[in-house]
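Student: Please take one part of this structure and go through it closely. I would like its surroundings included, and the cut-offs stated as you go.

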Amino acid sequence: QVHLVESGGGLVQAGGSLRLSCAASGRTFSSYAMGWCRQAPGKEREFVAAISWSGIITYYADSVKGRFTISRDNAKNTVYLQMNSLNPEDTAVYYCAADRIVVRHPGWDYWGQGTQVTVSS
């Protein structure tokens, strides 16, 4: 069982940056792949980024590639999403997720409660 709590969301102007954090409970955090998904109003939840348990392998949605960076600190049981060059289309609730394997779609086993990111034009 993994309990996830996101933080770091907020309001930012287009072109700005935010860093999301996700703190995980449990002593087996380092054995889980971690990821981020997002859901905009009226749209389905979509995959954003994922990272393997070791942190060596990362995956990104095409829409965020080159702008977002996922990373993790297993000593702190935390995963991060650095978001640069934000645009209004990035506005959504961002969810942290965990699974035993890397998942490149919104079908993860464990979810956080979400954090709102709003990008103004």
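Tutor: A residue is called buried under 20% relative accessible area, exposed over 50% and partly exposed in between, with a 1.4 Å probe and protein chains only. Strands are DSSP runs of E of at least two residues, numbered from the N terminus. With those terms, strand β11 (residues 115–120) has two faces: Thr115, Val117 and Val119 are on the covered one, while Gln116, Thr118 and Ser120 are on the uncovered one.

This is a predicted model, in which local features need pLDDT of at least 70 and side-chain atom pairs count only at pLDDT 80 or more, whereas totals for chains, interfaces and linings use all residues. Residues are numbered from 1 along each chain as its sequence is written, and side-chain values use heavy atoms, with hydrogens and water left out.

Strand β11 pairs with β2 and with β9; two strands pair if DSSP finds at least two bridges between them. The pairing with β2 (residues 10–13) is parallel and has four bridges; within it, Val12 is the bridge partner of Val119, a residue of the covered face of β11. The pairing with β9 (residues 92–99) is antiparallel and has three bridges. There, Tyr94 stands opposite Thr115.

Tyr94 leads on to the interior. A nonpolar core is a set of buried Ala, Val, Leu, Ile, Met, Phe, Trp, Tyr and Cys residues joined through side-chain atoms within 4.5 Å. The largest one here has 36 residues, and Tyr94 is among those with the most contacts inside it, together with Met34, Trp36, Leu81 and Met83. At least two residues of this core come from each of β3, β4 (33–39), β5 (46–51), β7, β8, β9 and β11.

Leu81 shows how these parts meet. Contact means heavy atoms within 4.5 Å. Setting aside neighbours within four places in sequence, Leu81 is in contact with Leu18, Arg19 and Leu20, with Trp36, Val48 and Ala49, with Phe68, Thr69 and Ile70, and with Tyr94.

Leu81 belongs to an open sheet of four strands, in the order β1-β3-β8-β7 with antiparallel pairing. Its edge strands, β1 (4–7) and β7 (68–73), each pair on one side only. Of the six residues of β8, five are buried, so this strand is largely enclosed by the rest of the structure. The case of β3 is put in similar terms: five of its seven residues are buried, so it too is largely enclosed.

Strands β3 (residues 18–24) and β8 (residues 78–83) are joined by six bridges. Along this pairing, Leu18 has Met83 as its bridge partner, Arg19 stands opposite Gln82, and Leu20 stands opposite Leu81. On the other side of β8, six bridges join that strand to β7, and Asp73 has Thr78 as its bridge partner. The hairpin of β7 and β8 has four residues between the strands, and Asn77 takes a positive phi near 50 degrees in it. At the β1 end, four bridges join β1 to β3, with Glu6 and Cys22 as bridge partners.

That leaves the aromatic contacts. Rings of Phe, Tyr and Trp (its six-membered ring) pair if their centres lie within 6.5 Å; planes under 30 degrees apart count as stacked, over 60 as edge-to-face and the rest as tilted. Two such pairs are found in the whole structure. The ring centres of Tyr32 and Tyr110 are 6.0 Å apart and the planes lie at 75 degrees, so this pair is edge-to-face. Tyr32 is in the loop between β3 and β4 and Tyr110 in strand β10 (residues 110–111), so the pair ties together parts 78 residues apart in sequence. Tyr32 counts as buried because its relative accessibility is 3%.

The other pair, Tyr95 and Trp111, is also edge-to-face, with 6.2 Å from centre to centre and 90 degrees between the planes. It links strand β9, which holds Tyr95, to strand β10, which holds Trp111, over 16 residues. Tyr95 is buried at 14% relative accessible area, whereas Trp111, at 27%, is partly exposed.

Two charges also lie on rings. A charge sits over a ring if NZ of Lys or CZ of Arg is within 6 Å of the ring centre and within 35 degrees of the ring normal. Arg100 lies over the face of Tyr32, 4.2 Å from the ring centre, and the charged end of Arg104 sits over the ring of Tyr59, 4.0 Å from its centre.
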